[in-house]
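Visitor: I have a new structure open on my screen and would like to learn how to read it. Could you walk me through it?

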Amino acid sequence: MRRQKIHWERIFLLTLISAAFTGFLLWSIWQLQNEEAWLANQELKVKDPLRNAVMKVTAPLFNAKIKSPVTLAGQASVFEAQMNARVKDASGLILAETSFQTREGQTMSPFLTKVTYKKPSRPKGTIEIFSFSPKDGAEINKIIIPVLFQD
């Protein structure tokens with residue numbers, strides 16, 4: 001009978017590979033749990049669709065029945081107190097576009113304006129409230145509110 005030689009190098013290498021794999025697996029699980037917690041926190045932040053980091057819209061509400069002129073109200077903290085609104089029908093046709101101001105710029109302050117729009121050809125539409133970026137003129141902080149036209 002021949003006696004087998006123990007290969008300590010192979011045992012050490014297999015142990016090292018197993019430990020590295022287990023460590024990677026545990027790290028991956030930890031990362032996934034952190035990502036799930038972060039996503040859950042983000043969902044809580046986005047739960048109110050009429051609010052974002054710089055604006056809170058109080059009128060009109062989601063799927064509100066509106067007539068021209070429609071009242072837009074809320075609070076915002078935007079550059080130079082300048083805000084914009086657009087009324088569109090369901091096909092994307094712009095029925096009205098206007099700009100208005102909050103009471104103060106760069107601090108949360110109220111806004112209230114009325115927007116008169118053309119007679120819509122479809123029963124559904126949207127109101128977009130946003131501001132323009134002072135850097136490049138892009139539309140930023142946009143809130144899109146679905147509405148039902150009663151005109």
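**Reading the model, feature by feature**

Guide: Let us begin with a single residue: N63 sits in the loop that runs between β1 and β2. Please keep in mind that this is a predicted model.

Visitor: What is the phi of N63?

Guide: Phi is a backbone angle, and its sign is a handy thing to check. For N63 phi is near 55°, a positive value in a residue other than glycine. N63 counts as partly exposed because its relative accessibility is 48%, between the 20% and 50% cut-offs.

Visitor: Which residue in strand β8 can I look at next?

Guide: Try N141, which is placed in β8, residues 139-149. N141 also has a positive phi, about 55°, although it is not a glycine. With a relative accessible area of 27%, N141 is partly exposed.

Visitor: Where are the cis peptide bonds, and what are their omega values?

Guide: Omega is the angle to read for a peptide bond. One cis bond joins A59 and P60, with omega about 0°. P60 belongs to the loop between β1 (55-59) and β2 (64-66), the loop that also holds N63. Another cis bond joins S68 and P69, and there omega is about -5°. P69 lies in the loop between β2 and β3 (70-76).

Visitor: How many helices and strands does the protein have?

Guide: There are one helix and eight strands. Along the sequence, the pattern reads α-β-β-β-β-β-β-β-β.

Visitor: In what order do the strands of the open sheet lie?

Guide: Order in a sheet is read across the strands, from neighbor to neighbor. Here five strands form an open sheet in the order β2-β8-β7-β4-β5, and the pairing is mixed. β2 and β5 (94-101) are the edge strands, each pairing on one side only. From one strand to the next, the twist averages 35°.

Visitor: In which sense do β2 and β8 pair?

Guide: They pair in the parallel sense, over three bridges. To find one of these on screen, look at A64, whose bridge partner in β8 is V147.

Visitor: Is A85 buried or exposed?

Guide: For burial, look at the relative accessible area. A85 is buried because its value is 2%, and buried means under 20%. A85 lies in strand β4, residues 82-89. Leaving aside residues up to four places away in sequence, A85 touches L72, A96, E97, T98, F100, E128, I129 and F130. You can also compare positions along the chain and in space: A85 and T113 are 28 residues apart along the chain, and their C-alpha atoms are separated by 9.7 Å.

Visitor: Which side chain makes a polar contact with K88?

Guide: That of E128, at 3.3 Å. K88 is also placed in β4. Its contacts, again without residues up to four places away in sequence, include L93, I94, L95 and F149.

Visitor: What does the radius of gyration say about the whole protein?

Guide: Set it beside the value for a compact globule. For 151 residues that would be near 15 Å, but this protein has 28 Å. Along the principal axes, the C-alpha atoms fill a box of roughly 100 × 35 × 25 Å. Of the 151 residues, 28% count as buried. The accessible surface comes to about 10,900 Å², and 59% of that belongs to carbon and sulfur atoms.

Note on methods
Residues are numbered from 1 along each chain as its sequence is written. This is a predicted model: local features need pLDDT of at least 70, side-chain atom pairs count only at pLDDT 80 or more; totals for chains, interfaces and linings use all residues. Side-chain values use heavy atoms; hydrogens and water are left out. Helices (H or I, at least four residues) and strands (E, at least two) are DSSP runs, numbered from the N terminus. Buried means under 20% relative accessible area, exposed over 50%, partly exposed in between (1.4 Å probe, protein chains only). Contact means heavy atoms within 4.5 Å. A polar contact is a pair of N or O atoms within 3.5 Å; within protein, one must be able to donate a hydrogen and the other to accept it, and residues adjacent in sequence count only if both atoms are side-chain atoms. Two strands pair if DSSP finds at least two bridges between them. Axes are lines fitted to C-alpha atoms, for helices over the stretch in contact, and angles run from 0 to 180 degrees between N-to-C directions. The radius of gyration is taken over C-alpha atoms; the globule rule is 2.2 Å times the number of residues to the power 0.38. Accessible areas come from the Shrake-Rupley method with a 1.4 Å probe; for residues, only the protein chains shown count as cover.
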